[in-house]
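Got the viewer open? Here is a short tour, one selection at a time.

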Amino acid sequence: MRLTAPATRRTGVRDADGMAVASFILGLLGLLVLNVFLGPIAVILAAAALWRGTARRGRAYLGLALGVADLLVLVAFMQADSTVSWSF
């Protein structure tokens, strides 16, 4: 007995669209808090969304750019503070 419908092409695109939006949101949040975790997650989600053929390519590219920016901000603060982590 099958309780769920079989996966279709539309389901895969919808999942990729969700990944693109999640990448964008996590990239934005990562600029403020937990950029050491949220930055790489945003980059991975954006890459997966682009690889799966998302219809929201712009959102995925923004998520990718924000994820990279998160990591650059982390590196800049680490260099300024001369520690492995940074705080306010």
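Show contacts (heavy atoms within 4.5 Å) across the whole protein: among those between residues at least 6 apart in sequence, 65% join residues at least 24 apart. Keep in mind that this is a predicted model, where local features need pLDDT of at least 70, side-chain atom pairs count only at pLDDT 80 or more, and totals for chains, interfaces and linings use all residues. Numbering runs from 1 along each chain as its sequence is written, and side-chain values use heavy atoms, with hydrogens and water left out.

Now switch to cartoon. You get three helices and zero strands, in the order α-α-α (DSSP runs numbered from the N terminus: helices are H or I, at least four residues; strands are E, at least two).

Next, select M19, A20, A49, L50 and A60, the largest nonpolar core. Such a core is a set of buried (under 20% relative accessible area, 1.4 Å probe, protein chains only) Ala, Val, Leu, Ile, Met, Phe, Trp, Tyr and Cys residues joined through side-chain atoms within 4.5 Å. Helices α1 and α2 each supply at least two of its residues. Zoom in on L50: leaving aside residues up to four places away in sequence, L50 touches R57, A60 and Y61. Of the protein's 88 residues, 26% count as buried.

Finally, turn on the surface. About 6000 Å² is exposed, 70% of it supplied by carbon and sulfur atoms (Shrake-Rupley method, 1.4 Å probe; for residues, only the protein chains shown count as cover). Stop at L28 in helix α1 (residues 9-30), where the relative accessible area is 40%.

Key: Buried < 20%, exposed > 50% of the residue type's maximum accessible area, 1.4 Å probe, protein only.
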